[in-house]
Amino acid sequence: MGVYFLLFTVGLCWAQYNPNTQPGRTSIVHLFEWRWADIALECERYLAPSGFGGVQISPPNENLVIADPSRPWWERYQPVSYKLCTRSGNETEFRDMVTRCNNVGVYVYADAVVNHMCGGNGGAGNHSACGSYFNAEKEDFPAVPYSAWDFNDAKCKSRSGDIEDYQDVPQVRNCRLVNLLDLALEKNYVRSKIAEYMNYLIDIGVAGFRIDAAKHMWPGDVKAILDELKDLNTKWFSAGAKPFIYQEVIDLGGEPITGSQYFGNGRVTEFKYGAKLGTVIRKWNGEKMAYLKNWGEGWGFVPSDRALVFVDNHDNQRGHGAGGASILTFWDARLYKMAVGFMLAHPYGFTRVMSSYRWPRYFENGADVNDWVGPPSNSDGSTKSVTINADTTCGNDWVCEHRWRQIRNMVVFRNVVDGQPFSNWWDNGSNQVAFGRGNRGFIVFNNDDW
C-alpha cells in the first residue's frame, strides 16, 4: 500500500506538466486573435487531420475596449470581468468551439490573465467589450466583483506605483505592470474569484492554461490558485486528469526572478529558446548551426520536461517581451521555416507553433510604430473571419504559419519520432547539420550560402 501511495502522489505531482494531448499529437498552435467560430472550423478541417494536439486561444474574458489607438491587440490583456465575451465571440460561441475541438481531439488552452485588471487610467473614452460597468480610476469592477480592497497599492513601494526596477523582486510582483491594476493575490477572496473563473472554463472543457505575466505573481500565490482547480471534464479526459499549466516567465538571465522558481506550478515559457535560435539561424555574433549539437539544457535552458518552447510569440514578434531583433518571425519566411523545422525536429521541450496576422509595419528609429495594430477587422471594428485560399493558405491578412507546407509536415515529423532519441549528429563545422531521431526520422539543414 505504501508503494502504491507513493506512485500515486508522484503521478499527481507531475500532472500539471502533461499537456493532455492525445497519443501521437505532440504540438499545439497559438491561433492569435482568431474568432471562436473560426477556431472551431480549423480544428475540424485542418488541425485534427494535420496532427496538431491543441490550440492556445486569446484571453476569453471580457476586456477593456480601447478607443485610442483603435482596438489594439493588447486590449485583450486588460480585463474588466471574467465574463466570456470578447471580440473573438460570446459564451455560446466559446462553448461550441471547445466542444467541437475536443470532439476531434484538438484540445483548448486558455490564456489566463489573472495578475491584474485593466489600466488605472482606463476610463476616459473607453468601454468594456460586452457592456459591463467598471471604473478603473476607483478600482471598481462590480461584474467580478472587485473593489479597491482587492488591489496591491499599499504593498507597492515604487514611487510611481508601477514597476521601476526589475532587480527589486517585491516591486516586480507587487507593483503595476505598465499601469495595470495589480491584484492582491495573497487574499483568499481574490484567489477564489480567479479559481472560480478558471474552473468555469474547465467545466466547459478546456485542457489547460497559459498563465499570463506569471513572473509578476509570487509563485506561492499562483500555487494557491492552482490548488483550487478542478480535474478536467471527464466527457473528454480521463478521470483525475489535471489542467496543463505553462507560465509566462520572461527569464533571459541577469534578473533575480527565474523560471525555476515556478517549476512547482507547471511548465514555464523558455524565452531564451527563440532568442538564441534566432541568433544562430541569422548567423549573428559568429554563431553557427554546428554549435547546436548540445541544444537544450546545454545552452542554459530549463529542463526539457519543464519547458514550453517556441520560435516567436505574439509579444516578441513585435519587439516586445524578450529576444529583441534576433527573434525570427513570418516576415523572415525562409529563415523562420528553418527555425520552426529545427524546433519540431529536436526533442527538447513541448512545442508551440505561432499563427499570426499581418499589420502595416512602419519603422522610426528602429522601432515599429505600428506594433500595436489589432487583428484584421471590418469597418465596425469586428474581427474579420479567416478565409482559406485555394492553395490552403489564408486570406484577409491572416498569415497562418501553421498551414505553411514545411511547418505542417514538421508537425507530422515530430509526431512520428515522438519518444525516439536524438542521434547520429553530423555537421560540416559551419551551417550544414543533420541528425536522427532513433530509427524513425532523419533531417538535414543547410543554412550555408551554397
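This report walks through the overall build of the protein and then looks at some of its aromatic ring pairs.

**The whole chain**

Please keep in mind that this is a predicted model. The protein is built from nine helices and 17 strands. Its radius of gyration is 22 Å, close to the 22 Å that the globule rule gives for 450 residues, so the protein is as compact as a globular protein of that length. If you draw a box along the principal axes, the C-alpha atoms fill roughly 65 × 65 × 45 Å.

How much of the protein is buried? Of its 450 residues, 59% count as buried. The chain also brings distant stretches into contact: among contacts between residues at least 6 apart in sequence, 69% join residues at least 24 apart.

On the outside, the protein exposes about 17,700 Å², and carbon and sulfur atoms supply 53% of that area. As for charge, there are 45 positive and 50 negative charges, and the mean positions of these two groups are 5 Å apart.

**Aromatic pairs**

Now for the rings. With ring centres required to lie within 6.5 Å, the count comes to 35 aromatic pairs. A pair of aromatic rings is described by the distance of the centres and the angle of the planes. Two of the pairs are set out here:

| Pair | Centre to centre | Angle between planes | Arrangement |
|---|---|---|---|
| Phe32 and Tyr357 | 5.6 Å | 10° | stacked |
| Phe330 and Trp359 | 6.0 Å | 85° | edge-to-face |

Why does the pair of Phe32 and Tyr357 count as stacked? Planes under 30 degrees apart count as stacked, and these two rings have their planes at 10°, so the pair fits that description. Phe32 sits in the loop between β1 (27-31) and α2 (36-50), while Tyr357 sits in the loop between β12 (350-355) and β13 (363-364), so the pair ties together parts that are 325 residues apart in sequence. Phe32 counts as buried at 0% relative accessibility, and Tyr357 is buried with a relative accessible area of 0%.

The loop between β12 and β13 also holds Trp359, the partner of Phe330. Phe330 lies in the loop between β11 (307-309) and α8 (333-345), and the two residues are 29 apart, linking distant parts of the chain. Are Phe330 and Trp359 buried or exposed? Both Phe330 and Trp359 are buried.

Elsewhere on your tour, look for a cluster linked by ring pairs. Its members are Tyr273, Trp295, Trp299, Phe301, Phe342, Tyr348, Phe422, Trp425, Phe435 and Phe445.

Notes. Residues are numbered from 1 along each chain as its sequence is written. This is a predicted model: local features need pLDDT of at least 70, side-chain atom pairs count only at pLDDT 80 or more; totals for chains, interfaces and linings use all residues. Side-chain values use heavy atoms; hydrogens and water are left out. Helices (H or I, at least four residues) and strands (E, at least two) are DSSP runs, numbered from the N terminus. The radius of gyration is taken over C-alpha atoms; the globule rule is 2.2 Å times the number of residues to the power 0.38. Buried means under 20% relative accessible area, exposed over 50%, partly exposed in between (1.4 Å probe, protein chains only). Contact means heavy atoms within 4.5 Å. Accessible areas come from the Shrake-Rupley method with a 1.4 Å probe; for residues, only the protein chains shown count as cover. Lys and Arg count as positive and Asp and Glu as negative; His and the chain ends are not counted. The place of a charge is taken as NZ of Lys, CZ of Arg, CG of Asp or CD of Glu. Rings of Phe, Tyr and Trp (its six-membered ring) pair if their centres lie within 6.5 Å; planes under 30 degrees apart count as stacked, over 60 as edge-to-face and the rest as tilted.
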